[in-house]
Every structure is written in structure tokens, then in C-alpha cells.
Amino acid sequence: MATPRSLARSLQSFQISSFQSIAQLSRPALSSRGKIRSNSPLLCRPRIGASLLRQFSTSPLRQHGHIHPPKPGEELYVTFIDKEGKEHKVAVSKGDNLLDIAQAHDLEMEGACGGSCACSTCHIIVTDEGYYEKMPEPEDDENDMLDLAFGLTETSRLGCQVIMTKELDGLKVKLPSMTRNLQASDFGSKS
Ligand code: FES
């Protein structure tokens, strides 16, 4: 049975051998002619460093809930009707989507997938069919997610997919009383 002293000795020798291998990494392996060998750890090190550096992405970050303040005279208006039936009319810019607008104004729209059309927690109901008709048709992905939405109606859309345009100035949307937090990934993992 290992005694405390023999355990301490094993630990000490392990630490020493670990330090030796680290120290070897910082020493070039020399050939008989004194040249650095191609398989020297010293030559390999920059490659290790490069692969670590490649892990840093330079893609621009998407800021959720970020909207552009409307320029004076170019405001578009959208009204959200919250779960208590209270109306919130806000001035917005062309190009912002309803999820970002709602979140920027602290309205209760969850947006669990961050606007990537993979959940139904940004479900909204367009109150006026005329405005619904002015919107571009929902893509297949949006329709798939809408099928999972709680309280689906004929004029339901996903807030993250509705982009404000001049034609939608005056739009009014209702936030459903409940949302269902099912995401596309919930199904992908089971299939
Ligand atoms: S936030 Fe998930 S689909 Fe809109």
C-alpha cells in the first residue's frame, strides 16, 4: 500500500518530469551539424500559436435589441398592444425589425433564438389584415416556426422577420397572451 511519503515522492517526480517536457519545448532540437531540425518543437510553436489565434473571429457582432433612432421627418410608427391590452406607439426607422423595436422599448417579446427564425417566442398578431397583406410573404422557415406558436391566427407573424418599411407606417400588432418556447433544435436532437 502506498504510504504518504511514497505518494509525495511520486508527485514530486511527476512535477519534475512535467517541467522537463515544458523546458524541452523552449529548446530547439539541433541536428548533428548544429542546424535546427524541422521537427523541432521550437519550429512547431508558431503553428500552435497560429491555430490559437485563428479562434478569434472578426465577424461583426449582431446586437440584439439594437435599433436606429429615426431621423427627424422620417419616422415610421408602429403600435404594440401588450398582454394587458395597453397600446404602446413608438417612432421607428425603416429597416428595423419588430423584435428589436419591442426589446429596445422594454416590451415583453422574448426572442429566445435571437432573431434567427428558430423559435416562436417573437409571435405577433397583425390587427389589420390590410397591413398583413402589405408584408412580404413569410418564408418556409417562418411558417414552420409559426406552426409551433401558441394561439396562431390568420395574421400571425414572427416579429423578428417583420422589417419596417414605409408601407408599414401605422402598423398595429398584438402580443399574444402566451408564447411557447419550442425551438427548432428541440426537434433536431430527437430525430
Ligand atoms: S426570435 Fe426566434 S423566431 Fe423570432
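A residue is termed exposed if 12 or fewer other C-beta atoms lie within 10 Å of its own, buried if 20 or more do, and partly exposed in between. This criterion is applied below to a predicted model.

**The loop between strand 4 and strand 5**

Lys166 is located in the loop that connects strand 4 and strand 5. Because Lys166 has 9 C-beta neighbours inside 10 Å, it counts as exposed. Lys166 nevertheless touches Leu76 and Lys94, leaving aside residues up to four places away in sequence. Thr165 belongs to the loop between strand 4 (156-158) and strand 5 as well. With 14 other C-beta atoms within 10 Å, Thr165 is partly exposed. The table gives a pair of residues for each of these two positions, with C-alpha to C-alpha distances.

| Residue pair | Separation in sequence | C-alpha to C-alpha distance |
|---|---|---|
| Thr165 and Asn97 | 68 residues | 9.5 Å |
| Lys166 and Gly95 | 71 residues | 9.5 Å |

**Strand 1 and its partners**

Leu76, which Lys166 touches, is part of strand 1 (residues 76-81). The covered face of this strand consists of Leu76, Val78 and Phe80, whereas Tyr77, Thr79 and Ile81 make up the uncovered face.

Strand 1 pairs with strand 2 (residues 87-92) in an antiparallel arrangement through six bridges. Within that pairing, Leu76 has Val92 of strand 2 as its bridge partner. The two strands form a hairpin in which five residues lie between them, and Gly85 in the turn has a positive phi of about 90 degrees.

Strand 1 also pairs with strand 5 (residues 171-174), here in a parallel arrangement with four bridges. Ile81, from the uncovered face of strand 1, has Lys174 of strand 5 as its bridge partner.

**The largest nonpolar core**

The largest nonpolar core comprises 23 residues, of which Val78, Leu98, Leu99, Ala102, Cys122, Ile124 and Val173 touch the most other members. At least two residues of this core come from each of strand 1, helix 3 (98-104), strand 3 (123-126) and strand 5. Helix 3 is the greatest contributor, giving four residues.

Which residues does Val173 touch, not counting residues up to four places away in sequence? They are Phe80, Leu98, Ile124, Ile125, Val126 and Thr127. Of these contacts of Val173, Phe80 is on the covered face of strand 1. Leu98 and Ile124 are, like Val173, among the core residues that touch the most other members.

Notes: Residues numbered from 1 in each chain as written. Predicted model: local features only at pLDDT ≥ 70, side-chain atom pairs only at ≥ 80, totals over all residues. Pairing = 2+ DSSP bridges. Contact = placed C-beta atoms within 7 Å. Core = buried A, V, L, I, M, F, W, Y, C linked by C-beta atoms within 7 Å.
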